Amino acid sequence: MIDQVSKTTRGRIMIGIAALVLLALAAKIVQLQVIDYQYYLQMSEENRIRLVPRTAMRGKIVDREGRALAQDRPAYTVSVIPTEVRHLQRLSEELAPLIDMDEAGIEKKIKDRRSRKHEPVAIRRDLAFASVCVIEESNELFPGVMYQLDHARTYPFGNVASHLIGYTGEVDERETQSQYRIGSMIGRAGVERTYDQPLRGIDGVDYLEVTASGRILGSLESKPNKDPVPGSELGLSLDLDLQMLCDSLFGDSLAGAAVFMDPRTGEVLAMTSKPDYDANLFSGFVPRDDYQRLASDERRPLLDRTIRGLYPPGSTAKLLTAGAALELGLIDVNTHFKPCYGGYQFGNRFFRCHKKSGHGSQDVIGAIEVSCDTYFYQVGLKLGLDNWTDYARKCGFDVVTGIDVPNEKAGHVPDEDWYNKAYGKYGWTKAVLLNLGIGQGELLVTPLSLTQFYAGVANHGKVMQPHLMRYIKSPNGEITRANPVVTRQLPFSERTLSILVEGCRRVVEGGAGTAARSRIPGIPMGGKTGTAQNPHGNEHAWFCGFAPIDNPTICGCVIVEQAGHGSVAAAPIVRDVFIRHFQKTGLLAPPAPAPIEDFIALEDLYPGHLQLR
């Protein structure tokens, strides 16, 4: 009886186990055929189909006369399909000497591809044709390796305007959440980055049928290839002639920045930051040593000083001090203070003027003309910190200008809270006002923000947003043009502005003007020199100017680091760029033709881009 019961129990257990096994098998079939159907279908398709991206031709960047500043050229790119690599170490050993890369770099690129392992990973761009031939002849040694005709970005003028034009780089794994394909090129700096979307176009793709071993059988008939759509052309306001001249005036030894713009529209005509770098370095494969050399250079060639360099403005800020005091009625055009005998006694400290023998008694226009520190020490004291801070902010020195180049920095305008935090509540005195009144001390500006301020003074108080883009032209010819944007109105009346402009005119045209040596015969010009204290070395030289003074078409600011007086180092650069501008616009006679040997030398440097004028 007991045996019969045990047999029945064992039978039921066996049936139960069999049922569980069948149930598990059924569940697995449901999972494979229903739940995970799309996944395994994709796996199957990827084993049969190879997607080969075709990068769109990136749009050209041209100056205001249509001369190419950045464009694509044909180049070969070698890629690896991770899933088709059988021995990664062996592959990297054989491939490395051919493509001039180290083995670790190749392996890292392939291993970093954590997703889409069936798609080609660009390993080396802009590869020499001879290397491509070797890979083609020995393709059995390189399973999973492919090459294709691609594009490489090229900058015909190398260092010229490299900071503002920028460069491109590869989309990496960290950016997979973006709309961009890993390995495609994206704008990384300058207008290449700001206008990446219209410049990049739309990539295409080829669908190839391959065997499990990776052998290409041909195009896939069921999926037509998608042709790439080229990117749009970006037209800049930059004038290449002015830009090249400005760059050359700095030479290889000077460091600093220069900005020239049309005060009526905000169009940037030239923008130089020195030292600079050759943007072509980033157009393809970037040798690590080259990049490290740039990144570790103590002269900081990668820093765009025009929008990220913060400097005390020196005496160029005296217009801010004078304008605020005039506007508040604290001084008028005839106000005189204690005469200048080489400085000003404040408490137990003597604040020196730059002229040891003194300027005597001056009114505000005369004080601007000769840049008398003693006069502006007293204006600063009369103005007070709160008023000075209020007007500095209303003039826009504490905010970015909004130029269409990324990573712009705002200036620094100190106020009472800032001084309390920096020096303690009773740790500072009114003496800070003497320094602020002449543009020294804690006020910091970028060359671009100072240019914008002077452009506003020249433009009857109307401050325009600086910009580089003039138009974007799509592949079908549709053109989108930039509209000038008024950022703000300077907090000065027409009466105050006329006094400031007259002071600037006297700086250049007056008998005692600090920039009298930079006059341009036939073109009335206004401006202001500056010499900014530098705790790290010699003083910085500033000059800001605009012309013709009654209806300015150009405004420019130049700073030359550690170069001393602005009238000596900075004003001549502004004058020379202005002369070239007015020669081009017809207000001055064109320059004499360059000697033929000079033209030949320049043509060797920039083939096909120069014209004899």
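Where does Ala 161 lie, and between which two elements? Let's work through that and a few more on this predicted model, where local features need pLDDT of at least 70, side-chain atom pairs count only at pLDDT 80 or more, and totals for chains, interfaces and linings use all residues. Residues are numbered from 1 along each chain as its sequence is written, and side-chain values use heavy atoms, with hydrogens and water left out.

**Exercise 1. Place Ala 161 and describe its backbone and burial.**

Step 1: Ala 161 sits in the loop between strand 5 (145-154) and helix 6 (162-165). Helices (H or I, at least four residues) and strands (E, at least two) are DSSP runs, numbered from the N terminus.

Step 2: Check the backbone. Most residues other than glycine have a negative phi, and most peptide bonds are trans. Ala 161 is not a glycine, yet its phi is positive, about 55°.

Step 3: With 6% relative accessibility, Ala 161 counts as buried. Buried means under 20% relative accessible area, exposed over 50%, and partly exposed in between (1.4 Å probe, protein chains only).

**Exercise 2. Describe Ser 371 in the same terms.**

Step 1: Look in the loop between helix 13 (364-370) and helix 14 for Ser 371.

Step 2: Ser 371 is not a glycine either, and has a positive phi of about 55°.

Step 3: Ser 371 has a relative accessible area of 3%, so it is buried.

**Exercise 3. Work out how helix 12 packs against helix 14.**

Step 1: Two packed helices are described by the angle between their axes and the distance between the axes. Helix 12 (residues 318-327) and helix 14 (residues 373-383) have axes 10 Å apart, at an angle of about 50°. Axes are lines fitted to C-alpha atoms, for helices over the stretch in contact, and angles run from 0 to 180 degrees between N-to-C directions.

Step 2: Helix 12 and helix 14 are therefore oblique to each other. For the cut-offs, angles under 35 degrees are roughly parallel, over 145 roughly antiparallel, 65 to 115 roughly perpendicular, and the rest oblique.

Step 3: List the contact residues (contact means heavy atoms within 4.5 Å). Helix 12 brings Lys 318, Thr 321, Ala 322, Ala 324 and Ala 325, while helix 14 brings Asp 373, Phe 376, Val 379, Gly 380 and Leu 383.

**Exercise 4. Do the same for helix 12 and helix 15.**

Step 1: Helix 12 packs on helix 15 (residues 385-394) at about 110°, and the axes are 10 Å apart.

Step 2: That angle makes helix 12 roughly perpendicular to helix 15.

Step 3: On the helix 12 side you'll find Leu 320, Thr 321, Ala 324 and Glu 327, meeting Trp 388, Tyr 391 and Ala 392 of helix 15.

**Exercise 5. Find the cis peptide bonds at Pro 275 and Pro 548 and place each proline.**

Step 1: Lys 274 and Pro 275 are joined by a cis peptide bond, with omega about 0°. Pro 275 falls in the loop between strand 12 (268-274) and helix 10 (288-296).

Step 2: The bond from Ala 547 to Pro 548 is also cis, with omega near -15°. Pro 548 is in the loop between strand 20 (540-547) and strand 21 (554-560).
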